[in-house]
Amino acid sequence: MCPIEPATSVDGHSGSHRDGHSDDELTEELAGLDALEVAVPPSPGRATRAWAAAWPKLAAALVALVAWQLIVWSGWRSTDVLPGPGPVFETLWDDLWSGDLILATALTLRRAVLGFALGIAIGTPIGIAVARVRVVRTAVGSVVTSLQTMPSTAWFPFAILLFSQSETAIMFVVVLGAAPAVANGLVAGIDQIPPNLLRAGRVLGARGWTALRYVVLPAAYPQYVAGLKQGWAFAWRSLIAGELIVQVAGSESIGVRLQDAQRSDDATALLATMVVILVIGIAVDSLGFGTLERRIRRRYGLATS
């Protein structure tokens with residue numbers, strides 16, 4: 001077999017091109033273009049991402065504990081009234097080990113989840129109706145906002161008159177705290193949908209329920225989640241206040257433990273229970289709504305993956 005000869009251009013010079021550039025020059029130019037390509041860094045592992053999300057919170061908690069201990073050491077209040085972190089966390093550990101605090105927390109969380117779910121079930125259709133039907137907005141739009149701004153404690157005397165000292169009275173106020181916030185969040189989300197998006201949906205044949213499902217609700221989803229987050233905050237605050245005010249016989253919840261600790265002047269037990277309330281709030285925000293909000297930002301191109 002004959003060896004392959006280098007290509008000869010029209011001008012008779014081997015390895016050259018019509019524009020006067022040699023093969024070596026072309027290789028150098030291509031190498032320069034390849035150097036412009038930036039390699040994509042590898043995605044961090046799950047443990048790295050978890051640590052990146054956890055260490056700022058741990059650092060903030062450490063700063064708060066140090067500040068707490070410094071205030072105790074300053075002698076501003078006696079340790080009987082303001083104990084340090086050590087005795088409080090020791091009491092918290094003992095309560096968790098005995099199981100009493102776990103049972104009380106489980107009862108409070110069950111009430112919170114049930115009340116929040118009912119708030120979503122009631123607030124979502126109200127929000128859709130207010131946002132999509134002009135007559136409904138005119139009739140009850142301002143009422144929904146007024147219900148959201150009304151303090152939850154103002155409802156408890158009326159709830160006790162309706163349902164006596166019962167769990168139903170607590171749930172009644174919890175739902176009243178969550179539903180208006182959920183409805184207002186959805187109304188805000190629907191009101192902020194770009195008109196071009198709605199017109200594009202109509203051009204593609206989206207009408208009625210189809211437009212609501214595939215155009216309106218997905219576009220309003222970020223604001224709806226913000227309303228859910230606010231609704232949970234209102235529901236949680238209303239629930240703890242309700243457990244402090246409404247005494248349900250035979251049930252020991254977080255609110256009952258707070259009241260018992262206050263009546264017996266047990267500051268360590270009181271602060272230990274308050275730590276549990278704070279930890280639950282941080283966990284729901286970080287693991288629940290925080291994760292959901294990060295997924296929304298990635299889906300809408302507002303954050304990198």
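User: Why is Asp285 called partly exposed?

Analyst: In this predicted model, Asp285 has a relative accessibility of 33%. Buried means under 20%, and exposed means over 50%. The value of 33% lies in between, so Asp285 counts as partly exposed.

User: What makes Lys229 and Asp285 a salt bridge?

Analyst: Their closest N and O atoms are 3.0 Å apart. The cut-off is within 4 Å, between a side-chain nitrogen of Lys or Arg and a carboxyl oxygen of Asp or Glu. The pair fits, so it is called a salt bridge. It links distant parts of the chain: Lys229 is in helix α9, Asp285 is in helix α11, and they are 56 residues apart.

User: And Lys229 itself, why is that residue called partly exposed?

Analyst: Its relative accessibility is 29%. That value falls between the 20% and 50% limits, so Lys229 counts as partly exposed.

User: Why is Arg257 called buried?

Analyst: Arg257 has 12% relative accessibility. Buried means under 20%, so Arg257 counts as buried. Arg257 forms a salt bridge with Glu252, with the closest N and O atoms 3.2 Å apart. Glu252 has a relative accessible area of 39%, so this residue is partly exposed.

User: How do you know that Arg110 and Glu167 form a salt bridge?

Analyst: The N to O distance between their side chains is 3.0 Å. The limit is 4 Å, so the pair counts. Arg110 is in helix α4 and Glu167 is in helix α7, 57 residues apart. Both residues are partly exposed, Arg110 at 43% and Glu167 at 24%.

User: Which residues join Arg110 and Glu167 in one network?

Analyst: Arg111 and Glu243 do, through salt bridges that share partners. By this rule, the model's count comes to eight salt bridges.

User: Why are helices α6 and α7 called oblique?

Analyst: They pack at an angle of about 140°, with their axes 9 Å apart. Over 145 degrees would count as roughly antiparallel, and 65 to 115 as roughly perpendicular. The angle fits neither range, nor the roughly parallel one under 35 degrees, so α6 is oblique to α7. Their crossing is right-handed.

User: Which residues of α6 and α7 meet?

Analyst: From α6 come Phe156, Phe158, Ala159, Ile160, Leu162 and Phe163. From α7 come Thr168, Ala169, Ile170, Phe172 and Val173.

User: How many residues of each class does this contact have?

Analyst: The contact of α6 with α7 has 10 nonpolar residues, one polar residue and no charged residues.

Note on methods:
Residues numbered from 1 in each chain as written. Predicted model: local features only at pLDDT ≥ 70, side-chain atom pairs only at ≥ 80, totals over all residues. Heavy atoms only, no water. Axes fitted to C-alpha atoms, helices over the stretch in contact; angles between N-to-C directions. Helix = DSSP H or I, 4+ residues; strand = E, 2+ residues; numbered from the N terminus. Left-handed = near helix turned anticlockwise from the far one by under 90°. Contact = heavy atoms within 4.5 Å. Nonpolar A, V, L, I, M, F, W, Y, C, P; charged D, E, K, R; others polar. Buried < 20%, exposed > 50% of the residue type's maximum accessible area, 1.4 Å probe, protein only.
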